[in-house]
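Trainee: I would like to work through this model with you one question at a time, and I would ask that each answer end on the value or name I asked for.

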Amino acid sequence: MIPVSQRHSSIIGPGVVPHGFVPSESNAPGNVDANVPLVPSSGGAPFAITEHNQGGFQHTQYPYVTGTSILALKYKYGVMIACDMLGSYGSTKRYKSVERMQTVGKNAVLAASGECSDFKYILTLMDGLTTDDYCLDDGQVLTPQEICSYLTRVIYNRRNKFDPLWNSIIVGGVGEDGDSYLGTVGMIGTSYTDSHIATGFGAHLARPLFRERQYDDMPEDEAKALLDDALRVCYYRDKQSINKFQVANITKDGATISEPYALSTAWHYNAFVNPAAHAVGTW
């Protein structure tokens with residue numbers, strides 16, 4: 001029995017033929033007009049593919065549910081990372097309990113701003129790597145440096161496919177030698193390390209505070225106070241932020257992520273009461 005000739009579409013895949021299709025050399029599957037109605041070879045209602053959906057998959061070309069700034073710094077005993085828990089749907093404060101930090105192994109934490117679904121995909125990749133480490137059971141685990149290097153390659157690869165992972169990633173941890181590590185990877189694969197890092201709007205609002213007050217041997221309570229001050233400034237000035245935060249603390253003894261908490265705020269400042277008072281051209 002000769003099988004029915006089938007058309008292969010890069011969009012809908014194999015297994016469909018044009019409605020009323022009769023196999024011949026002149027109308028081979030590769031020569032069929034894309035606008036001709038198609039019908040599944042197993043039977044079913046005809047359908048058509050128009051020219052405007054020939055561009056391939058566009059699932060993650062635009063961010064939908066996003067998170068804002070991640071703040072991180074080194075201190076005497078390790079690294080601290082902080083962020084809020086808002087998942088914004090466009091400009092809508094839609095999801096208010098989104099955890100944007102995750103422990104990886106024992107001594108590393110991964111945090112991300114940007115598209116939340118892409119971050120979940122990255123966490124799936126990391127789960128696979130940590131599972132492999134557990135199954136090998138050879139005493140070797142991923143170091144923060146290795147995690148950051150791996151993510152740099154993954155994100156740069158996706159950028160080259162013009163299907164980027166829409167995230168800015170921060171990796172913080174303590175290596176086997178006891179040295180603190182803090183690195184970041186951008187959505188096009190750019191990567192660097194520093195004593196303090198901020199993504200998103202925090203790069204403009206928080207890093208000036210870090211440059212003025214952060215030093216690598218600062219005590220833990222001073223580092224936490226600095227992070228709280230920076231989070232408070234970001235909450236005041238970034239409309240995509242909410243007053244609900246988590247802080248990750250990574251030391252040689254392990255990584256912990258705090259329960260959500262809120263900061264004290266004050267809104268009686270003159271600039272907040274009448275923000276347009278000294279702005280030119282406003283009502």
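Trainee: Is Asp84 buried or exposed, and what is its relative accessible area?
Mentor: Keep in mind that this is a predicted model. Asp84 is found in strand β6, which covers residues 78-84. Since buried means under 20% relative accessible area, Asp84 counts as buried, with a relative accessible area of 2%.

Trainee: Which residue, 161 residues apart from Asp84 along the chain, has its C-alpha atom 4.1 Å away?
Mentor: Leaving aside neighbours within four places in sequence, Asp84 is in contact with Thr68, Val98 and Arg100, and also with Gln240, Ser241, Ile242, Lys244 and Phe245. One of these partners lies 161 residues away along the chain, with a C-alpha separation of 4.1 Å, and that residue is Phe245.

Trainee: Which side chain is joined to that of Asp84 by a polar contact, and at what distance?
Mentor: The side chain of Asp84 has a polar atom 3.2 Å from the backbone nitrogen of Ile242, but that partner atom belongs to the backbone. The side-chain partner in the polar contact you ask about is Ser241, at 3.2 Å.

Trainee: Where does Gln214 lie, and is Gln214 buried or exposed?
Mentor: Gln214 is placed in the loop between α4 (207-213) and α5 (220-237). Its relative accessibility is 12%, and because buried means under 20%, Gln214 counts as buried.

Trainee: Which backbone oxygen does the side chain of Gln214 reach?
Mentor: Beyond four places in sequence, the contacts of Gln214 are Leu73, Lys74, Ser195, His196, Leu209 and Leu226. Among these residues, the one whose backbone oxygen is reached by the side chain of Gln214, at 3.0 Å, is Lys74.

Trainee: How many salt bridges does a search of the whole structure find, and which residues are linked in a network?
Mentor: Side chains of opposite charge can pair when their charged atoms come close. A search of the whole structure finds 6 salt bridges. Asp229 forms one with Arg213 at 3.0 Å, N to O, and another with Arg232, where the closest N and O atoms are also 3.0 Å apart. The network of salt bridges therefore links Arg213, Asp229 and Arg232.

Trainee: Which helices hold the two residues of the salt bridge between Asp229 and Arg213?
Mentor: The side chains of Asp229 and Arg213 meet in a salt bridge. The pair ties together parts that are 16 residues apart in sequence, because Asp229 lies in helix α5 and Arg213 in helix α4. Asp229 is partly exposed at 27% relative accessibility, and Arg213 is partly exposed at 32%. The helices asked for are α5 for Asp229 and α4 for Arg213.

Trainee: How many residues apart are Asp228 and Lys224 in helix α5?
Mentor: The side chains of Asp228 and Lys224 meet in a salt bridge of 2.9 Å, N to O. Asp228 counts as buried at 14% relative accessibility, whereas Lys224 is partly exposed at 27%. Both lie in helix α5, about one turn of the helix from each other, and their separation is 4 residues.

Trainee: What is phi of Asp137, and what is phi of Phe162?
Mentor: Asp137 lies in the loop between α1 (116-136) and α2 (144-160), and Asp137 is exposed with a relative accessible area of 67%. Phe162 is found in the loop between α2 and β11 (167-174), and Phe162 counts as exposed at 70% relative accessibility. Each has a positive phi in a residue other than glycine, near 55 degrees for Asp137 and near 60 degrees for Phe162.

Trainee: Which residues form a nonpolar patch on the surface?
Mentor: One member, Tyr62, is placed in the loop between β3 (38-40) and β4 (65-67), and Tyr62 counts as exposed at 59% relative accessibility. The patch has about 500 Å² of accessible area together, and its residues are Tyr62, Tyr64, Tyr89 and Tyr95.

Trainee: Over which residues does pLDDT stay under 50?
Mentor: The mean pLDDT of the chain is 84, and 78% of its residues reach 70 or more. The model has 48 contacts beyond four places in sequence for the stretch where pLDDT stays under 50, namely residues 1-19.

Conventions:
Residues are numbered from 1 along each chain as its sequence is written. This is a predicted model: local features need pLDDT of at least 70, side-chain atom pairs count only at pLDDT 80 or more; totals for chains, interfaces and linings use all residues. Side-chain values use heavy atoms; hydrogens and water are left out. Patches are made of residues with over 30% relative accessible area and no salt bridge: like charges are joined within 9 Å, nonpolar side chains (Val, Leu, Ile, Met, Phe, Trp, Tyr) within 5 Å. Accessible areas come from the Shrake-Rupley method with a 1.4 Å probe; for residues, only the protein chains shown count as cover. A salt bridge is a side-chain nitrogen of Lys or Arg within 4 Å of a carboxyl oxygen of Asp or Glu. Buried means under 20% relative accessible area, exposed over 50%, partly exposed in between (1.4 Å probe, protein chains only). pLDDT is the predictor's confidence in each residue, from 0 to 100. Contact means heavy atoms within 4.5 Å. A polar contact is a pair of N or O atoms within 3.5 Å; within protein, one must be able to donate a hydrogen and the other to accept it, and residues adjacent in sequence count only if both atoms are side-chain atoms.
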